[in-house]
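Got the model open in your viewer? Let's walk through it one selection at a time.

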Amino acid sequence: MPDPVEINELIQDPPFGWTSRYHTFIEDDRIDVRLRINLRSDQQISLRDVLKVRAGTEDSVNHYFNQRFEMVDSEGRKRPLRVSIEFISDSPDLMVRLHPGKGRSNLNHWFVDADPIIRAHEVGHALGLPDEYVDPMSKNRATADASGIYHDHSLMGNFFSEGVDQAELKQRHGEILANKISEATGIPLKAQEQPRITPNGPHEVTTTHEFLLQYKENWAHIQPTYSGMKM
Amino acid sequence: MNTKPRSYSKNRKKRIIITYFYIDITINLLNDLRMQSYSDYTAFCSVRFWVCYTAATAAMVLNSSSRLMNTQDSWELLDTSNSSVRYQIGNPHFEGQTTVVIQGNGAASVEFVRETEKRSYLKQLAPERLEEVRSTLAAYDPRKFTASQKDLVPDEAQIQIEIVEGDRTWVRTFRDQDRWDQSNLQKDVELFGSVAYEVSDGNVQF
C-alpha cells in the first residue's frame with residue numbers, strides 16, 4: 001500500500017474560512033481520498049443514532065463522490081477517484097459535534113435527523129469545495145448572478161430549492177480535487193467525468209438497456225451464438 | 001396585563017446588600033452609644049462618624065450607578081406593549097430563514113422564508129407562556145452575551161437578536177458557534193425555537 005499524502009489547505013470565502021485536510025493514496029488502479037472524522041457529542045445520543053449517522057454519511061459520500069470522476073495523468077492513464085470516510089478518535093482531519101434531532105448543520109455541527117445529502121455537502125467542504133448558493137454575507141456569492149453562484153443542481157448549491165434528487169458533483173468539483181491531489185503528490189492530473197451509475201436510479205437500467213440494444217444491432221449477426229438471448 | 005419579570009439580577013442583589021449595609025451602620029451606631037464610656041465617646045464617635053459617612057457615600061454612589069445601569073443597559077425585556085424581541089436565524093437561499101417576533105402584549109409572529117417559499121404564522125401567547133418567555137429572557141439576557149469575531153465555517157448560520165423598548169433599540173448578531181460556546185445563549189435559541197414551533201403548529205422546527 002502506498003504512503004498517504006496529506007492535503008492541508010486554508011480555504012477562504014470571506015467571511016467564511018476553514019481548513020481542508022485529508023489524505024490521498026495513489027494506487028495502481030485508483031486514487032483513494034480518505035477523510036478521517038471525529039464524531040463526538042456532549043449530549044445524550046444513542047449508539048443506534050450514532051451508527052445511523054456514520055452509515056448514512058458513508059452511503060451518502062459513496063453515492064455522490066464515487067463512480068463520478070476519473071483522474072487522468074499526463075500519459076493518459078485513467079484512475080477512478082474513490083472517496084472514503086473513516087470515523088476515528090485520534091488525529092482526525094475534521095472534528096464534528098453531533099446533536100440530536102433536526103437543526104441547522106454546518107461543517108462542524110451535524111444533526112442526527114438531518115437529510116444525508118447535507119453530510120455529503122459538508123464532506124465536500126472538508127475536501128475543499130466551496131458553497132455555491134447565494135449568501136448575502138459572502139463577497140463572491142452575495143447575489144444570484146455573482147461569480148460563485150451556480151444553479152445547475154450542484155451538491156454544493158441550493159439543492160433544497162433545486163431538488164435533492166437531482167443534486168450531484170460537477171466537472172468543476174472534480175477539477176478542484178484533481179488540482180489539490182496534483183499539487184500534493186506532484187503528479188499532474190486532470191478530472192474526467194465518469195458515467196453516473198446509481199444503484200436504484202434510471203441510469204443503470206438505461207445504460208444496460210442501450211448497451212444491449214446496440215449489441216443486438218451491431219454484433220448479434222456476427223456472433224449468432226448469442227442471437228438467441230432474450231432482450 | 002404586564003407584570004414585571006422576577007429576575008434576580010445583579011443590580012437587585014446590589015440594592016439588597018446596600019439596604020442591609022445602611023441597617024448595619026445604624027445598629028452599630030446605637031450599640032456604640034449604649035456601650036462606650038463617656039470619656040471615650042467623643043473621640044470614638046468622631047472616627048466612627050467619618051467611617052460611616054465614607055461608607056454611606058460609597059453606598060450612595062454604588063446605588064446611583066446601579067440605577068443608571070438599570071435604565072441604560074439592562075432595561076426590562078417585553079415589559080410594555082410597545083416593546084418587542086425579534087430573533088432571526090439562517091439564510092433564505094439555503095436551509096431557510098426563520099424570524100420570530102414577540103411583542104410585549106404577547107402577540108407572536110413566525111415567518112419562514114426559503115427562496116420563493118414564504119410561510120407566516122401569528123398567535124397570541126397565553127399570559128403564563130409570555131411570563132415564561134420574559135423570565136427566560138431575564139435570566140439569560142441576550143445583551144450579556146458576547147459575539148465572536150472569528151471566521152464563519154461553511155453553512156454556519158448567523159443569529160440576530162433585536163430588542164426594542166419604546167424608542168430604544170438593541171441589536172446584536174451572533175454566529176451559530178456562539179450558542180454552542182455559551183450555553184446561556186443556547187437557552188435563548190431553544191426558547192425562540194420552541195415559540196416558532198408552537199406558533200407555527202410544528203411547521204417551523206428551527
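A crossing of two helices is left-handed if the near helix is turned anticlockwise from the far one by less than a right angle, and right-handed if clockwise. Keep that at hand for the first stop, and bear in mind throughout that this is a predicted model.

**Stop 1: a helix pair in chain B**

Select residues 127-139 and 183-199 of chain B, which are helices H3 and H5. What is the angle at which H3(B) and H5(B) pack? About 160°, with 10 Å between their axes. Angles over 145 degrees count as roughly antiparallel, and H3(B) and H5(B) therefore fall in that class. Look down on the pair and check the hand: the crossing of H3(B) and H5(B) is left-handed.

Now show side chains. From H3(B), pick B:Val133, B:Thr136 and B:Leu137; they meet B:Lys187, B:Asp188, B:Leu191 and B:Val195 of H5(B). By class, the contact of H3(B) with H5(B) is made of four nonpolar residues, one polar and two charged.

**Stop 2: the sheet of chain B**

Keep H5(B) on screen and bring up the strands. Six of them form an open, antiparallel sheet in chain B, in the order S4-S3-S2-S1-S5-S6. Which strands stand at the edges? Select 117-124 for S4 and 168-175 for S6 of chain B: each has a single partner strand, so one side of each has no neighbour in the sheet. Going from one strand to the next, the twist averages 10°.

H5(B) packs on this sheet and touches S1, S2, S3 (107-114), S4, S5 (158-165) and S6 of chain B. Compare directions and you'll find H5(B) at about 90° to S2(B).

For a single pairing, zoom in on S1 (83-91) and S2 (96-103) of chain B, an antiparallel pair with eight bridges. Click B:Tyr87, and look across to its bridge partner in S2(B), B:Val100.

**Stop 3: chain B as a whole**

Zoom out and colour chain B by secondary structure. How many helices and strands are there in chain B? Five helices and six strands, and from the N terminus they run α-α-β-β-β-β-α-β-β-α-α. Chain B has 206 residues, of which 26% count as buried. Take the contacts in chain B between residues at least 6 apart in sequence, and 57% of them join residues at least 24 apart.

Before leaving, go to B:Asp201, in the segment after H5 of chain B. Its phi is positive, near 55°, in a residue other than glycine. Is B:Asp201 buried or exposed? Exposed, because it has 10 C-beta neighbours inside 10 Å, and 12 or fewer is the cut-off for that class.

**Stop 4: where the chains meet**

Show both chains. The contact takes 21 residues from chain A and 18 from chain B. On the chain A side, strand S2 (16-26) and helix H3 (159-162) are the elements that give two or more residues. S2(A) provides the largest share of that side, three residues. Coloured by class, the side of chain A that touches chain B shows seven nonpolar, nine polar and five charged residues.

**Stop 5: a hairpin in chain A**

Stay with S2(A) and add S1, residues 5-13 of chain A: the two pair in the antiparallel sense over nine bridges. The hairpin that joins S1(A) to S2(A) does so through two residues. A:Gln12 stands opposite A:Gly17 in S2(A). In the loop between S1 and S2 of chain A you'll find A:Pro15. Check the peptide bond from A:Pro14 to A:Pro15: it is cis, with omega near 5°.

**Stop 6: a helix pair in chain A**

Select H1 (47-65) and H2 (116-126) of chain A, which pack at about 70° with axes 8 Å apart. That angle makes H1(A) roughly perpendicular to H2(A). The crossing of H1(A) and H2(A) is right-handed. Residues of H1(A) in the contact include A:Gly56, A:Val61 and A:Tyr64, while those from H2(A) include A:Pro116, A:Ile117 and A:Val123. The full contact of H1(A) with H2(A) divides into six nonpolar, three polar and two charged residues.

**Stop 7: two exposed residues in chain A**

Select A:Glu86 in strand S5 (78-87) of chain A. A:Glu86 is exposed, with 12 other C-beta atoms within 10 Å. Leaving aside residues up to four places away in sequence, A:Glu86 touches A:Arg34 and A:Arg36.

Finish at A:Ser91, in the loop between S5 and S6 (94-99) of chain A. A:Ser91 is not a glycine, yet its phi is positive at about 45°. A:Ser91 counts as exposed because it has 7 C-beta neighbours inside 10 Å.

Note on methods. Residues are numbered from 1 along each chain as its sequence is written. Chains are lettered from A and ligands numbered from 1 in the order in which they are written. This is a predicted model: local features need pLDDT of at least 70, side-chain atom pairs count only at pLDDT 80 or more; totals for chains, interfaces and linings use all residues. Helices (H or I, at least four residues) and strands (E, at least two) are DSSP runs, numbered from the N terminus. A residue is buried if 20 or more other C-beta atoms lie within 10 Å of its own, exposed if 12 or fewer, and partly exposed in between; C-beta atoms are placed from the backbone. Two residues are in contact if their C-beta atoms, placed from the backbone, lie within 7 Å. Ala, Val, Leu, Ile, Met, Phe, Trp, Tyr, Cys and Pro count as nonpolar, Asp, Glu, Lys and Arg as charged, and the others, Gly among them, as polar. Axes are lines fitted to C-alpha atoms, for helices over the stretch in contact, and angles run from 0 to 180 degrees between N-to-C directions. Angles under 35 degrees count as roughly parallel, over 145 as roughly antiparallel, 65 to 115 as roughly perpendicular and the rest as oblique. Two strands pair if DSSP finds at least two bridges between them.
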